[in-house]
Amino acid sequence: MHLLAASTQRNLGMAIAVVAIVGFAIYLIYNVLWAGRGEKGSEVDLAPNRKPYLSDEELETSKLDLALVSGLVTLVIIGVALPLYWLGEPGRQQGYLEFSRDQFTSRGAGQYEERCASCHGGGGLGGTTATSVTDDAGNFIAAIEWEVPALTTVLYRFSEEEVRHILDYGRPPTPMQAWGAPGGGPLTTQQVDELIQYIQSIQLDPHEVEQEVLNGLVVQVRGDVLAANSDLADRLDAANAAVSAAGADDAAAETAARNLAAVEQEIRETSEQHIRDLASPDRGELLFNNEEYGCARCHTPRDSWRFTGPEATPGAGPVVLAKGSPEEAAEVARLGNLIPINIPGGGAFGPNLTNGATLRQFDSAEGHAGFVTIGSQEGIGYGNFGQGDGGGQMPAFGVCVGDRDSSERSAIHGFCTLEDGSVRPGMLTAEQIADIVAYERGL
Ligand code: HEC
Ligand code: HEC
């Protein structure tokens with residue numbers, strides 16, 4: 001509607017301009033090309049001041065009325081049309097803002113597809129990228145796949161300026177390179193703006209974020225849950241066998257699939273209950289290691305790595321060794337001291353949290369939880385000696401900060417307020433953060 005207002009305005013302006021230009025052209029043609037060449041010697045007839053003028057009767061009646069009425073009409077136009085025009089102005093500005101946001105989003109989507117999707121996945125849903133580990137001198141050590149985070153929750157955790165910082169400077173030494181001009185990357189400030197606008201458009205809603213966090217925990221306990229419930233494990237095996245056995249028989253396949261889904265649902269519910277029953281620090285450990293987006297990604301060495309083994313069959317592509325599998329353990333042992341040892345919380349992009357580091361940094365669990373809730377901010381100290389010099393790269397987990405530092409003109413402005421006026425929650429609940437803190441303080 002605002003857009004319509006803006007374009008109606010433009011059409012009207014165009015019409016007036018066209019009338020004025022055409023009128024002026026006619027005037028020129030008439031005067032210069034035609035009337036200007038009037039017959040010579042006819043000045044007596046042509047000169048206005050030599051013609052008898054209208055009589056007083058005529059001047060004081062229709063002529064005067066005409067002048068007065070046209071004056072009145074002009075006044076009415078000025079008096080009414082101008083305020084009317086200004087009444088529509090906020091709508092036009094809003095319309096332009098929305099128009100340019102839509103334009104930025106679609107341009108950002110194009111940029112994203114071209115430059116980011118290969119790693120972060122279509123729609124920002126996450127992915128992997130093949131890379132290698134090298135020593136300080138740049139010598140090859142091992143081939144790995146680096147798990148690339150989804151971008152569908154970044155604005156819960158990072159403010160607009162912090163996302164800009166990540167895009168500008170990347171995250172060395174991870175495969176996330178510097179993209180913006182300040183970090184030596186190829187993108188202009190406007191292109192970075194467009195990407196941020198696009199990222200805003202793909203953020204999940206709070207309920208989806210909650211489910212995603214939970215999904216990451218459920219995956220981690222699945223093995224334990226099946227081991228502890230042999231009946232459930234047996235039924236899962238049977239359901240899977242039935243799906244394979246059904247083959248081309250449509251009716252049987254449908255029944256088998258429905259049965260499998262029911263067993264999976266039961267495993268899910270049992271897992272959720274299992275997670276609720278865990279002691280706080282144990283649940284905290286799951287949250288810390290959450291692959292959907294936890295703390296280990298930045299605080300545990302090589303947490304995002306999956307070793308890629310040699311090609312099983314030449315040409316079949318590398319084999320990705322699952323994290324924690326015997327093959328991975330063998331690969332890690334083979335690489336010996338060439339790669340960082342996977343000590344939970346041992347420090348990677350984020351600092352080392354072990355050996356009581358967080359106890360020294362935060363006198364109380366509350367202070368510790370407070371920091372995890374709001375994250376770090378560039379130039380703002382925290383705890384007993386935290387510097388806050390990482391460009392604000394410790395995410396806020398307990399409150400939505402996407403629009404913390406955005407101005408009213410920014411597209412991110414208002415992101416953390418939902419349409420019904422309520423405030424978007426953070427990625428984790430206060431209880432979940434308390435669980436993580438209980439785990440971290442024991443590291
Ligand atoms: C070569 C692969 C690769 C490409 C291409 C890439 N990224 Fe990344 N990006 C990563 C990895 C890996 C990380 C996580 C680094 C880590 O482990 O801390 C990351 C992290 C990020 C983060 C921080 C996410 C978070 O919540 O911590 C943002 C934002 C981001 N990338 C945006 C982009 C955008 C936008 C583009 C395109 C201009 C892009 N990336 C291109 C690999 C890539
Ligand atoms: C994107 C990377 C990243 C992720 C993910 C991350 N952190 Fe951090 N964390 C950092 C950085 C960087 C710092 C240092 C902050 C600074 O100096 O500004 C930090 C600092 C900390 C500190 C303070 C340590 C100290 O001794 O100063 C704690 C505690 C902490 N993080 C806990 C967590 C928890 C809990 C999670 C998960 C819920 C988490 N972090 C996830 C990057 C990360």
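Tutor: By convention, a residue is buried under 20% relative accessible area, exposed over 50% and partly exposed in between, using a 1.4 Å probe and protein chains only. This is a predicted model, in which local features need pLDDT of at least 70 and side-chain atom pairs pLDDT 80 or more, while totals for chains, interfaces and linings use all residues. Residues are numbered from 1 along each chain as written, chains are lettered from A and ligands numbered from 1 in the order of writing, and side-chain values use heavy atoms, without hydrogens and water.

Student: Why is Ala434 called partly exposed?

Tutor: Its relative accessible area is 41%, which falls between the two limits, so Ala434 is partly exposed. Ala434 belongs to helix α17, where a helix is a DSSP run of H or I with at least four residues, a strand is a run of E with at least two, and numbering starts at the N terminus.

Student: What makes Gln432 buried or exposed?

Tutor: The relative accessible area of Gln432 is 19%, under the 20% limit, so Gln432 is buried. Gln432 also lies in helix α17. Beyond its neighbours within four places in sequence, Gln432 is in contact (heavy atoms within 4.5 Å) with Val213, Leu287 and Met427.

Student: How do you know which protein atoms are donors to the iron atom of ligand 1?

Tutor: A donor is an N, O or S atom within 2.8 Å of the metal (3.2 Å for Na, K and Ca); water is not among the atoms, so sites may look incomplete. His120 (NE2) and Met176 (SD) coordinate the iron atom at 2.0 to 2.2 Å, so both meet the limit. His120 lies in helix α5 and Met176 in the loop between α7 and α8, so the pair ties together parts 56 residues apart in sequence. His120, at 10% relative accessibility, counts as buried.

Student: Why is the site of the iron atom of ligand 1 called octahedral?

Tutor: Six donors count as octahedral if opposite donors are over 155 degrees apart and all others between 65 and 115. The six donor atoms here give angles of 87 to 178 degrees, and the site is octahedral.

Student: What are the protein donors of the iron atom of ligand 2, and what is the geometry of its site?

Tutor: The protein donors are His299 (NE2) and Met394 (SD), at 2.0 to 2.2 Å. Angles of 88 to 179 degrees among six donor atoms make this site octahedral. His299 is in helix α13 and Met394 in the loop between α16 and α17, so parts 95 residues apart in sequence are tied together. His299 has a relative accessible area of 9% and is therefore buried.

Student: How do you know that strands β2 and β3 pair?

Tutor: Two strands pair if DSSP finds at least two bridges between them. Strands β2 (residues 140-148) and β3 (residues 305-309) have three bridges, in the antiparallel sense, so the criterion is met. One bridge partnership joins Glu145 to Arg306 in β3. The open sheet has four strands in the order β1-β2-β3-β4 with antiparallel pairing, and its edge strands are β1 and β4, each pairing on one side only.

Student: Why does Asn355 count as exposed, and what marks its backbone?

Tutor: At 65% relative accessibility, Asn355 is over the 50% limit and so counts as exposed. Its phi is near 55 degrees, a positive value in a residue other than glycine. Phi of Arg302 is also positive, near 50 degrees, but Arg302 counts as buried at 10% relative accessibility.

Key: Four donors count as tetrahedral if all angles lie between 85 and 135 degrees; four count as square planar and six as octahedral if opposite donors are over 155 degrees apart and all others between 65 and 115; anything else is irregular.
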